[in-house]
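Thank you for making room for this on the agenda. I would like to walk through one chain with you, so please keep the sequence and the structure open while I talk.

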Amino acid sequence: MPYITALAREASVPIAIHLDHSHDWEQNIRCLRAGFTSLMFDGSSLPIDENIKLSAEVVKAAHACGIMVEGEIGAVKIYDSEAGYRQTGLSDPEEVVYYVAGSGVDSVAVAVGNMHKMPVKEANIDIPLIEEIRKRVSVPLVMHGSTGIKDEDLVSAIKAGITKINIATEFNRTFSTGIKQIMDGNPDEDFPLVYLSSGMNAVRQLAKEKMRLIGSAGKA
């Protein structure tokens with residue numbers, strides 16, 4: 001962790017060391033103590049009042065240290081290759097309002113047709129739902145599971161009110177592909193850093209493309 005925080009301090013742009021999708025209150029506190037600068041308590045699978053209670057406890061501890069907290073309301077499902085894509089578990093705008101007011105979170109992840117770990121861009125994003133939630137709450141809206149969302153829908157979602165977009169599956173796949181390509185082309189190479197560098201360069205290029213797409217380039 002000290003190595004990560006040192007890299008963050010030396011970066012030329014603001015860097016957040018973020019805990020993503022933690023379902024455990026104690027883990028949030030451990031990460032807060034370790035120097036994380038952004039936390040997420042994901043109690044979306046819990047009854048809403050329990051989600052609010054635990055989220056509020058994380059918020060209280062984090063805010064005492066000047067750290068922001070992201071919460072989640074709704075059910076962003078994990079893609080199942082057998083079942084395929086299903087637009088289910090959408091966030092209820094009234095529940096989002098209730099959750100944000102009760103928990104005090106600084107941002108809220110919502111379910112608007114997005115789905116985790118989608119290998120194909122087939123998600124059906126409910127833009128009117130995003131617009132409705134945006135009207136009702138003032139905190140930034142977060143959209144997870146964005147690998148399965150078409151480029152034009154990502155742009156539309158941002159225009160409708162999404163502030164933060166999380167993409168993991170596509171970056172993981174790009175990193176692995178970069179490594180595989182250099183291994184296939186250089187079967188006799190035995191220096192691991194060569195392979196890692198190939199994967200890192202592929203991720204760097206993808207990050208640039210995504211930043212240009214969603215309009216965040218040059219806005220650090």
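I will go through the strands and their crossovers, then the core, two of the helices, the cysteines and a pair of backbone angles.

Let me say at the outset that this is a predicted model, and that the values I quote are computed from it.

I begin with strand β2, residues 68-73, where five of the six residues are buried, so that the strand is largely enclosed by the rest of the structure. On one side of the pairing list we have β1, which pairs with β2 in the parallel sense over three bridges, and within that pair leucine 39 stands opposite valine 69 of β2. The connection is made by α3, and β1, α3 and β2 together form a right-handed β-α-β unit.

β2 also pairs with strand β3, residues 107-110, again in the parallel sense, here over four bridges, and in this pair glycine 71 stands opposite valine 108 of β3. Here the helix in the unit is α4, and β2, α4 and β3 make a β-α-β unit that is right-handed.

Further along the chain, strand β4, residues 141-143, and strand β5, residues 162-165, pair in the parallel sense over three bridges. The chain passes from β4 to β5 by way of helix α6, residues 151-160, and this β-α-β crossover is right-handed. If you want a pair of residues to look at in that region, valine 142 has lysine 164 of β5 as its bridge partner.

Now to the core. Which residues touch the most other members of the largest nonpolar core? In that core, which has 46 residues, they are Leu39, Val108, Ile130 and Met143. The largest share of the core, five residues, is contributed by α3. Valine 108, which we met opposite glycine 71, has a long list of contacts once neighbours within four places in sequence are left aside, including Gly71, Glu72 and Ile73, then Val96, Tyr99 and Val100, and then Val139, Pro140, Leu141 and Val142.

That brings me to α3 itself, which covers residues 48-64; at 1.5 Å a residue its 17 residues should span 24 Å, and the end C-alpha atoms are indeed 24 Å apart. Its buried residues are Asn51, Ile52, Leu54, Ser55, Val58, Val59 and Ala62, and they pack against α2, β1, β2 and α4. To take one of these, valine 59 is buried, with a relative accessible area of 6%, and beyond the residues up to four places away in sequence it touches Val69, Ser103, Gly104 and Val105. Valine 59 lies 19 residues from methionine 40 in sequence, while their C-alpha atoms are 9.5 Å apart in space. Just after α3, glycine 66 takes a positive phi of about 75°.

The other helix I want to show is α8, residues 192-214, whose 23 residues reach 33 Å from first C-alpha to last, close to the 33 Å expected at 1.5 Å a residue. In α8 the buried residues are Tyr195, Ser198, Gly199, Leu206 and Lys210, and what covers them includes α6 and α7. Just after this helix too there is a glycine with a positive phi, glycine 215, at about 80°.

What about the cysteines? The structure holds zero disulfides. The sulfur of cysteine 65 is 13 Å from the closest cysteine sulfur, that of cysteine 31, which is too far for a bond, given that a disulfide needs the two sulfurs within 2.5 Å. As for their surroundings, cysteine 31 is buried at a relative accessible area of 11%, whereas cysteine 65 is exposed at 51%.

Finally, two residues other than glycine that have positive phi values. Histidine 21, in the loop between α1 and α2, has a phi near 50°, and at 19% relative accessibility it counts as buried, the cut-off being under 20%. Lysine 117, in the loop between β3 and α5, has a phi near 60°, and this lysine is exposed, with a relative accessible area of 57%.

That is where I will stop, and I am glad to go back to any of these regions.

Note on methods. Residues numbered from 1 in each chain as written. Predicted model: local features only at pLDDT ≥ 70, side-chain atom pairs only at ≥ 80, totals over all residues. Heavy atoms only, no water. Expected span 1.5 Å × (residues − 1). Buried < 20%, exposed > 50% of the residue type's maximum accessible area, 1.4 Å probe, protein only. Contact = heavy atoms within 4.5 Å. Pairing = 2+ DSSP bridges. Right-handed = clockwise from strand over helix to strand, strands pointing away. Core = buried A, V, L, I, M, F, W, Y, C linked by side-chain atoms within 4.5 Å.
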